[in-house]
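User: I am new to protein structures. Please take a close look at the salt bridges in this model, and show me where the partners sit.
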Amino acid sequence: MPATAPPASDQIVLPLLTWHQTARRDLPWRRDRSPYAVWIAEVMLQQTQTATVIPYYEQWMRRFPDLAALAAASLDDVLRAWAGLGYYARPRQLYRAAQLIVARHAGQIPAARRELLALPGIGRYTAGAILSLAFGQREPVLDGNVRRVLCRLYDIAADPNTATVTKQLWTLATELVNAAPEGRPGDLNEALMELGALICTPRQPRCAACPVAAACLAHARGVEADRPLIQPTARPPHHTVVAGVIQDETGALLLIRRLPTGLLAGLWGLPGGVLLVGETMEDGIRRTIRGQIGVEVAPTALLTRIKHAYTHFRITLFAWRCQHTAGVPQPLQCAEVRWVLPDALPGLAFPATDARILQALKAAASA
DNA sequence: AACTCGGGGAC
DNA sequence: GTCCCAGAGTT
């Protein structure tokens with residue numbers, strides 16, 4: 001009997017919990033439901049897929065096994081553990097929050113929604129996840145998975161990212177967690193997310209295996225493939241970026257540390273920048289490096305070319321070997337500049353692009 | 001409400 | 001190539 005009306009919470013909660021008991025994946029952060037473990041995992045999982053997070057999470061928990069270890073670390077340690085995972089405001093906020101928890105909450109992660117939301121990097125979703133998964137509280141979560149699941153179950157035909165629909169979805173998520181049996185709000189929230197990850201997927205949802213297909217309004221209407229409604233997105237701009245690989249006679253590399261705000265904040269990298277329209281790569285290298293660290297260089301040979309997509313633009317990055325011809329490096333448009341021997345590179349946090357250039361350099365040196 | 005902020009898995 | 005992921009903060 002296909003659904004003809006929006007499902008009642010009771011039609012969803014028990015089938016979902018029963019399904020979840022056997023379908024639930026064994027993920028590293030599910031073996032430890034301590035507030036610290038949940039917090040770290042949830043922040044790492046923000047806009048980041050499970051498979052990407054797993055190795056970072058395991059390494060992080062070895063390096064910073066509890067909140068005291070994180071609070072006692074240096075920001076550089078924290079950024080290095082995060083390097084390559086993206087959205088680098090996250091580790092900075094995690095670190096700041098750890099210090100605040102020590103100062104305000106005697107080192108214990110607070111179990112109150114208001115206090116969690118007051119911490120940097122913890123928004124409505126992450127607060128709900130910590131409160132329900134670690135503390136067993138009846139608080140809802142709404143992430144990308146739950147958003148999609150709810151848009152299908154209730155056949156919400158409007159743009160799901162508007163404020164109106166988002167509010168509606170939070171209300172639905174609240175109703176569902178309120179209908180969970182005593183002591184099961186965390187399981188219910190996890191089951192909703194797990195359903196979105198395993199069954200109610202963005203493309204080709206596995207409705208035949210879905211425990212709540214009978215209650216799903218979009219499925220009954222045959223429109224599950226069109227929920228949630230997607231709106232066309234503009235193509236992001238493209239930039240050409242140049243970077244200089246500058247080595248002195250000892251083999252040391254000239255590296256910069258990025259400013260503490262903005263893109264890739266606080267991470268290390270090669271000097272360089274975005275090419276102007278019509279500018280040659282050689283001119284661009286000389287100009288950007290002069291402005292960034294006040295030295296004159298002469299590009300000699302192209303080392304490698306890398307294509308990379310950021311959130312709002314794409315780049316093609318050309319890394320050139322350069323001769324340092326004049327000037328003492330100084331941090332004009334960066335936080336720091338330093339000559340670094342190859343052995344010391346593992347001690348610095350690099351974004352993915354710079355890590356790839358350094359890998360190419362290492363490969364060329366050993367060839 | 002619009003914009004910023006990475007990187008990669010899956011198709 | 002495209003879509004989108006256990007989102008949060010700023011303007």
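Analyst: What follows treats the salt bridges one by one, then a sheet that one of them leads to.

This is a predicted model, so local features need pLDDT of at least 70 and side-chain atom pairs count only at pLDDT 80 or more, while totals for chains, interfaces and linings use all residues. Residues are numbered from 1 along each chain as its sequence is written, chains are lettered from A and ligands numbered from 1 in the order written, and side-chain values use heavy atoms, with hydrogens and water left out.

Start with the idea. Side chains of opposite charge can pair when their charged atoms come close. Here, a salt bridge means a side-chain nitrogen of Lys or Arg within 4 Å of a carboxyl oxygen of Asp or Glu. The structure holds 19 of them.

Take Glu194 and Arg25. Their side chains meet in a salt bridge, at 2.9 Å from N to O. The two residues are 169 apart along the chain: Glu194 is in helix α11 (residues 185-198), and Arg25 is in the loop between α1 (9-23) and α2 (35-44). Helices (H or I, at least four residues) and strands (E, at least two) are DSSP runs, numbered from the N terminus.

Now check accessibility. Buried means under 20% relative accessible area, exposed means over 50%, and partly exposed lies in between (1.4 Å probe, protein chains only). Glu194 has 1% relative accessibility, so this residue counts as buried. Arg25 has 25%, so Arg25 is partly exposed.

A second pair joins Glu190 and Arg30, at 3.6 Å from N to O. This pair also links distant parts of the chain: Glu190 is in α11, Arg30 is in the loop between α1 and α2, and 160 residues separate them. Both Glu190 and Arg30 are buried.

Next come Glu336 and Arg338. Their closest N and O atoms are 2.6 Å apart in a salt bridge. Glu336 is partly exposed at 25%. Arg338 is partly exposed too, at 37%. Elsewhere, salt bridges that share partners form one network of Arg24, Arg25, Arg30, Arg33, Glu190 and Glu194.

Finally, the sheet. An open sheet of three strands runs in the order β3-β2-β7, with antiparallel pairing. β3 (268-269) and β7 (336-340) each have a single partner strand, so one side of each edge strand has no neighbour in the sheet. Two strands pair if DSSP finds at least two bridges between them. β2 (residues 253-257) and β7 have five bridges. Ile256 stands opposite Val337 in β7.
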